[in-house]
2 protein chains.
Amino acid sequence: MSLQHILLGLLAQPASGYDLKQAFQQRLSHYWAAELAQIYPALKRMQRDGLLTSRQQASDKGPRKRIYRRTAAGQRCLQQWLQSGPEVHSDRLSWLAQVAFLDTVPVAEQLDFFRLLQAEFERHRAQLQTIAADWSAQDPDCPEHLGGNDLFAHMTLRLGVTKYTTIIDWCSECLQRLEHADAKQAGSDHPTAS
Amino acid sequence: MSLQHILLGLLAQPASGYDLKQAFQQRLSHYWAAELAQIYPALKRMQRDGLLTSRQQASDKGPRKRIYRRTAAGQRCLQQWLQSGPEVHSDRLSWLAQVAFLDTVPVAEQLDFFRLLQAEFERHRAQLQTIAADWSAQDPDCPEHLGGNDLFAHMTLRLGVTKYTTIIDWCSECLQRLEHADAKQAGSDHPTAS
DNA sequence: CAGGTCATGTAATAAGTTACATGATTAA
DNA sequence: TTAATCATGTAACTTATTACATGACCTG
């Protein structure tokens, strides 16, 4: 159950469930998502288990918040997660499963599929590049000399960009292969007048 | 619910639940996993919904199997899935979330983490490369002239290899950055005798 | 006859999503 | 005053994992 550990990680600063949801969107959106309906019960459970404490606090805007903070046990739990080595589960990439069965639709739709996929990942990459640009605008010699959490945040950002680039390039390659195969096919069906 | 659609895709040839589990391991393992405990009920439900038919059949080895095959409705359902465009959900890469919080452990463990991660993905890549090698051993001019389902199977294989390579290279980069940052840190703590 | 693989299932639990319900505060 | 945002939660449902139960058949 990684959600618990991720919440502990995000709680380096005390925060409410609502704050944490925003942190997910801002910091982890391209590799983890969580709904409020999942976050609130998780926080409650973690408090019950002694990993967190909470107290209510007036907000600058809107109603009172319930602010959570890690206990010493919460700290330990986070450390253990990180010290237990990387958690690599098998991915669930349904779009890639779709590719595996794409031979059951006509070529025109195969091409559409890859074009849509490429556009989708170009959007994803653009989002990350915007973040990266903001970052280096604020701090000119950015990739160097980053310390503490910023270093790791930058690493995850960088992997995101290169991973999306890998997929975008692969889409181009697939499109070329399909066009090539399609041309050969058309050639044998309808040989030129010669 | 992609599992249903993936099962439909795998059922290009009639197969039993047990056969399908093996197909998952052999064909989709690096981007989708499914347990028998998930497959059997899914097949039952799909038959109830008219997407599949089944009949019992003696096996060459072991007890009788229940062989499933797609109905016309099942075919249509698969086509619709593919024609509805790529299904891109946000990934859940807990190891990447771990990286995001790695500033809370000592440098030595940060290094260990990336070394383990790199080794893990090197294993993954090696698996795929074995498959790719078998493939081109059987068929010398393999990447060219592939048609039908083989073309798409080859595409997914290729993405797997390049994606793992991207991650492996990124690990090297991260290790370098950490060693560099650590050297600077050590330098300021313990300046050389000069 | 013991251990392995083939083969099919159920039960209990965990994790995640969608929909619903409530209410405060603030800016237009 | 009305829409947006802030804020917290519950209920129902779907999806996925782990553990358990059963039994046929085959090899040594």
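Domain bounds here come from an automatic or database domain assignment. For chain A of this predicted model, that assignment gives domain 1 (2–83) and domain 2 (94–189). Taken over C-alpha atoms, the centres of domain 1 of chain A and domain 2 of chain A are separated by 31 Å. Residues are numbered from 1 along each chain as its sequence is written, and chains are lettered from A and ligands numbered from 1 in the order in which they are written. Local features need pLDDT of at least 70, side-chain atom pairs count only at pLDDT 80 or more, and totals for chains, interfaces and linings use all residues, while side-chain values use heavy atoms, with hydrogens and water left out.

A good place to begin is the relation between the two protein chains. In general, two copies of a chain are related by a rotation about an axis and a shift along it. Here, chain A is superposed on chain B by a rotation of 180° with 0.0 Å of shift along its axis, and the RMSD is 0.0 Å; the fit is by least squares on the C-alpha atoms of residues with pLDDT of at least 70 in both copies. The two copies are therefore related as by a two-fold rotation axis. The same surface serves both copies, since 100% of the contact residues of chain A recur in chain B, where contact means heavy atoms within 4.5 Å.

Next comes the DNA. DNA strand C is surrounded by 23 residues, and the closest are A:Met1, A:Gln38, B:Ser59, B:Lys65 and B:Arg66; a residue is near a strand if one of its heavy atoms lies within 4 Å of it. Which parts of DNA strand C lie within 4 Å of the protein? Of those atoms, 73% belong to sugar or phosphate and the rest to bases. Several polar contacts (pairs of N or O atoms within 3.5 Å; within protein, one must be able to donate a hydrogen and the other to accept it, and residues adjacent in sequence count only if both atoms are side-chain atoms) can be followed in the structure. An N or O atom in the side chain of A:Gln38 is 2.7 Å from a phosphate oxygen of DNA strand C. From chain B, a polar side-chain atom of B:Tyr18 lies 2.9 Å from a phosphate oxygen of this strand, and an N or O atom in the side chain of B:Tyr40 is 2.9 Å from a phosphate oxygen as well.

Helices (H or I, at least four residues) and strands (E, at least two) are DSSP runs, numbered from the N terminus. At least two residues of the surface near DNA strand C are supplied by each of α3 (36–48) of chain A and α2 (17–28), α3 (36–48) and β2 (65–70) of chain B. The most comes from α3(B), with 4 residues. By class, this surface has 9 nonpolar, 5 polar and 9 charged residues; Ala, Val, Leu, Ile, Met, Phe, Trp, Tyr, Cys and Pro count as nonpolar, Asp, Glu, Lys and Arg as charged, and the others, Gly among them, as polar.

DNA strand D has 21 residues around it, the closest being A:Ser59, A:Lys65, A:Arg66, B:Met1 and B:Gln38. Sugar or phosphate accounts for 72% of the atoms of DNA strand D within 4 Å of the protein, and bases for the rest. A polar backbone atom of A:Arg66 is 2.7 Å from a phosphate oxygen of DNA strand D, and an N or O atom in the side chain of A:Arg92 is 2.8 Å from a phosphate oxygen of this strand. Two or more residues of the surface near DNA strand D come from each of α2, α3 and β2 (65–70) of chain A and α3 of chain B. The largest share, 4 residues, is that of α3(A).

Finally, some parts of chain A are buried (under 20% relative accessible area; exposed is over 50% and partly exposed in between, with a 1.4 Å probe and protein chains only). In helix α1 (residues 2–10) of chain A, 9 of the 9 residues are buried, so the helix is largely enclosed by the rest of the structure. Its buried residues pack against α2, α3, β1 (52–57), β2 and α4 (72–83) of chain A, together with α5 (94–100) of chain B.

A:Gln118, in helix α6 (residues 107–138) of chain A, is buried at 14% relative accessibility. Its side chain makes a polar contact of 2.8 Å with the side chain of A:Ser172. A:Thr166, in helix α7 (residues 148–189) of chain A, is buried too, with a relative accessible area of 14%. Leaving aside neighbours within four places in sequence, A:Thr166 is in contact with B:Leu159, B:Thr162, B:Lys163 and B:Thr166.
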